[in-house]
Amino acid sequence: MKKKLTIALVAHDRRKADMIDWVKVHAPCLSQHRLVCTGTTGRLVAQAFADAGIDADVECMNSGPMGGDAEIAAMVVRNEIDLAVFLIDDLNAQPHEADIQMLLRQCRLHNVPIACNRISADLMISSSLWDDPSYKPIEQSYIRFDRK
């Protein structure tokens, strides 16, 4: 697999503090990669790096409700995202639920690992498979299964 990843970071408002804390914990690692974020999350991520004096490549899309989730989903479809971390507020309704589901679905369809909680994100970002040149993800199979 490749060493420099493009990582999507998305967090709903009530999960932004958790995302920023996660970014700070993993800043040395994350700063080695390209980060693509929805609007407000991206500004907060860039500020966290600046406050820590760490140079990082952070690109901000639109905010989620204004199409940012859809922009990142399109990048997934074009094979431009290697990993996504999406901290979702599961306790409150979101006005752009269709876009959220589209991003999650596209990650699943296009075999992009997506972490929706910190434990998953910790495990994915620290996986040794990212540095293993012999590791090749297996394409997903959608074949009919007959129950006999």
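Begin with the sheet: it is open, has 5 strands in the order 3-2-1-4-5, and its pairing is parallel. Strands here are DSSP runs of E with at least two residues, helices are runs of H or I with at least four, and both are numbered from the N terminus; two strands pair if DSSP finds at least two bridges between them. Select strand 3 (57-60) and strand 5 (114-115) to mark the edges, since each of these pairs on one side only.

The model is predicted, so local features need pLDDT of at least 70 and side-chain atom pairs count only at pLDDT 80 or more, while totals for chains, interfaces and linings use all residues. Residues are numbered from 1 along each chain as its sequence is written, and side-chain values use heavy atoms, with hydrogens and water left out.

**Across the sheet**

Select residues 6-11 and 34-37, which are strand 1 and strand 2; they pair in the parallel sense over 4 bridges. Within this pair, Ile 7 has Leu 35 of strand 2 as its bridge partner.

Next, add strand 4, which is joined to strand 1 by 5 bridges, again in the parallel sense. Which residue of strand 4 stands opposite Leu 9? It is Val 85. On the side of strand 5, Val 85 has Ala 115 as its bridge partner, and strands 4 and 5 run parallel, joined by 2 bridges.

Now show the side chains of strand 4. The strand is mostly covered, with 5 of its 5 residues buried, where buried means under 20% relative accessible area, exposed over 50%, and partly exposed in between (1.4 Å probe, protein chains only). Leu 83, Val 85 and Leu 87 point one way, Ala 84 and Phe 86 point the other way, and all are buried.

**Helices 4 and 5**

Select residues 97-109, helix 5, which lies across strand 1, strand 4 and strand 5 and runs at about 150° to strand 4. Axes are lines fitted to C-alpha atoms, for helices over the stretch in contact, and angles run from 0 to 180 degrees between N-to-C directions.

Add helix 4. The axes of helix 4 and helix 5 come within 9 Å and cross at roughly 15°. Helix 4 is therefore roughly parallel to helix 5, the class for angles under 35 degrees (over 145 is roughly antiparallel, 65 to 115 roughly perpendicular, and the rest oblique). Helix 4 passes helix 5 in a left-handed crossing: the near helix is turned anticlockwise from the far one by less than a right angle, whereas clockwise would be right-handed.

Asp 69, Ala 70, Ile 72, Ala 73, Val 76 and Val 77 of helix 4 meet Asp 99, Ile 100, Met 102, Leu 103, Gln 106 and Cys 107 of helix 5, contact meaning heavy atoms within 4.5 Å. These residues divide into 9 nonpolar, 1 polar and 2 charged. Ala, Val, Leu, Ile, Met, Phe, Trp, Tyr, Cys and Pro count as nonpolar, Asp, Glu, Lys and Arg as charged, and the others, Gly among them, as polar.

**Around helix 1**

Select helix 1 (residues 16-25) with helix 6 (residues 118-125): they pack at an angle of about 25°, with their axes 11 Å apart. Helix 1 is therefore roughly parallel to helix 6, and the crossing is right-handed. Asp 18, Asp 21, Trp 22 and Val 25 of helix 1 make the contact with Arg 118, Ala 121, Asp 122 and Ile 125 of helix 6. By class, this contact has 4 nonpolar, no polar and 4 charged residues.

Replace helix 6 with helix 3 (residues 39-51). The axes of helix 1 and helix 3 come within 10 Å and cross at roughly 35°, in a right-handed crossing. From helix 1, Lys 16, Met 19, Ile 20, Val 23 and Lys 24 meet Thr 40, Thr 41, Leu 44, Val 45, Ala 48 and Phe 49 of helix 3. Here the classes are 7 nonpolar, 2 polar and 2 charged.

**Stops in the loops**

Select His 96, in the loop between strand 4 and helix 5. Is this residue, His 96, buried or exposed? His 96 counts as buried because its relative accessibility is 7%. Not counting residues up to four places away in sequence, His 96 touches His 12, Gly 64, Pro 65 and Asp 69.

Finish with two asparagines. Asn 79, in the loop between helix 4 and strand 4, has a positive phi near 60° and is exposed, with a relative accessible area of 61%. Asn 111, in the loop between helix 5 and strand 5, has a positive phi near 60° and is partly exposed at 34%. Most residues other than glycine have a negative phi.
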